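User: Hello! Could you walk me through this model, one question at a time?

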Amino acid sequence: MSTIAKRSIYVGPADGADSKPLKIEGVNLTASLLPGTVVEQVATGLQANASAATLFGQELLVADKDVVKAKSVDDAWTQNENMVAIKARSGDILNVLGASGNNIAAKGTPLSLNGSGLLQIATVPAAVDATSEQVVAYADEIINLAADGLVRVRVA
């Protein structure tokens with residue numbers, strides 16, 4: 001999955017306090033959904049987020065691993081299974097799936113949604129042109145994704 005082995009999705013809060021992540025539950029509507037996938041809540045449950053980077057107002061919901069069944073970040077949620085997602089808060093640090101072909105060469109690289117539940121390097125950071133795409137997170141590690149993989153990020 002990732003070039004650097006990761007075992008969790010929620011890494012921690014930005015302030016170092018002993019807090020727990022905000023979680024939501026719902027029925028998985030996607031055929032096979034890996035932990036770390038960006039999801040969206042719809043009336044009937046949770047599904048992979050199909051929003052493009054240019055659609056503003058997106059909250060960052062990230063599929064967690066199934067801790068009840070002692071599954072790892074490599075074990076996908078099955079369709080129609082009750083699943084858990086993390087509702088990320090600004091400053092939270094998470095491991096989120098990044099799209100194949102993204103070479104993150106510096107910490108702090110802005111990331112946006114790619115339209116299929118993954119993050120990608122933002123083409124025009126919102127700080128430069130706030131009308132082009134929504135930056136949802138910033139890379140917290142340097143990593144070259146030859147395949148889809150987990151990237152440690154700090155939520156915007």
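User: Thanks! Which residues line the largest cavity?

Analyst: Happy to help; please keep in mind that this is a predicted model. The structure holds one cavity of 30 Å³ or more, and the volume of the largest cavity is about 30 Å³. Its lining is made up of Asp66, Lys71, Asp75, Ala76, Trp77 and Glu81.

User: How many residues of that lining are charged?

Analyst: Ala76 and Trp77 are part of the lining, and two of the lining residues count as nonpolar. No polar residue takes part. The number of charged residues in the lining is four.

User: Now to the sheet. Which strands stand at its edges?

Analyst: Good one! The sheet is open, with five strands in the order 2-8-6-4-5 and antiparallel pairing. Each edge strand has a single partner strand, so one side of it is left without a neighbour in the sheet. The edges are therefore strand 2 (22-27) and strand 5 (45-48).

User: What is the bridge partner of Gln41 in strand 5?

Analyst: Strand 4 and strand 5 form a hairpin, with two residues between them. They pair in the antiparallel sense over four bridges. In strand 5, the partner of Gln41 is Leu46.

User: And which residue of strand 8 is the bridge partner of Ala63?

Analyst: Strand 6 (residues 61-63) pairs with strand 4 (residues 38-42) over two bridges, where Val39 stands opposite Leu61. Three bridges also join strand 6 to strand 8 (residues 82-87), and these two run antiparallel. In strand 8, Ala63 has as its bridge partner Ala85.

Note on methods:
Residues are numbered from 1 along each chain as its sequence is written. This is a predicted model: local features need pLDDT of at least 70, side-chain atom pairs count only at pLDDT 80 or more; totals for chains, interfaces and linings use all residues. Side-chain values use heavy atoms; hydrogens and water are left out. Two strands pair if DSSP finds at least two bridges between them. On a 1 Å grid over the protein atoms alone, a cavity is a set of points where a 1.4 Å probe fits but cannot get out, and a pocket is an open set with protein on both sides within 12 Å along at least five of seven lines; lining residues have an atom within 4 Å of a point. Grid points are joined across faces, edges and corners, and a volume is the space filled by probe spheres set on the points. Ala, Val, Leu, Ile, Met, Phe, Trp, Tyr, Cys and Pro count as nonpolar, Asp, Glu, Lys and Arg as charged, and the others, Gly among them, as polar.
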